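Dear colleague,

Please find the structure below, handed over for your own inspection. My findings follow it.

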Amino acid sequence: MVVCQKGRELVYKRLRRLSDEIIVLDRFADLMRPEVQERLRRRNVIWVPNRSFVVYCGWKRIEDEFKVPIFGN
């Protein structure tokens, strides 16, 4: 599964074999919304973070609010 910000999804749509599903958010920080996290949890996602995740969402919010299992740091 790929999660990206609106306007950045073209490469994932062109290369459909990269993922089974694409979630396009208005802003990457919308990842913190409970309904988005619930969708990820229903799909048994294990989140593999990158630097952008911390920059856009903030480490404090990630520690306190992000309910999706994380692999890596």
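The structure, which is a predicted model, contains 4 aromatic pairs. One of them joins W47 and F53 in a tilted arrangement, with 5.4 Å from centre to centre and 50 degrees between the planes. W47 and F53 are both buried. Together with F66, W47 and F53 make up one aromatic cluster.

The second point concerns E9, a residue in the loop that runs between β1 (2–5) and α1 (10–14). E9 is buried but takes part in no salt bridge. The nearest side chain of opposite charge belongs to K13, at 4.2 Å, whereas a salt bridge requires a side-chain nitrogen of Lys or Arg within 4 Å of a carboxyl oxygen of Asp or Glu. The E9 side chain does have a polar atom 2.6 Å from the backbone nitrogen of G7. When residues up to four places away in sequence are left aside, E9 touches C4 and V24.

As to confidence, the protein chain has an average pLDDT of 93, and 100% of its residues score at least 70. Among the elements of the chain, helix α2 (residues 34–42) has the highest mean pLDDT, 97. The lowest mean, 89, belongs to α1, the element that follows the loop holding E9.

When you examine the model, I would suggest viewing two sites in turn: the cluster of W47, F53 and F66, and the surroundings of E9, including C4 and V24.

With kind regards

Methods:
Residues are numbered from 1 along each chain as its sequence is written. This is a predicted model: local features need pLDDT of at least 70, side-chain atom pairs count only at pLDDT 80 or more; totals for chains, interfaces and linings use all residues. Side-chain values use heavy atoms; hydrogens and water are left out. Helices (H or I, at least four residues) and strands (E, at least two) are DSSP runs, numbered from the N terminus. Buried means under 20% relative accessible area, exposed over 50%, partly exposed in between (1.4 Å probe, protein chains only). Lys and Arg count as positive and Asp and Glu as negative; His and the chain ends are not counted. A polar contact is a pair of N or O atoms within 3.5 Å; within protein, one must be able to donate a hydrogen and the other to accept it, and residues adjacent in sequence count only if both atoms are side-chain atoms. Contact means heavy atoms within 4.5 Å. Rings of Phe, Tyr and Trp (its six-membered ring) pair if their centres lie within 6.5 Å; planes under 30 degrees apart count as stacked, over 60 as edge-to-face and the rest as tilted. pLDDT is the predictor's confidence in each residue, from 0 to 100.
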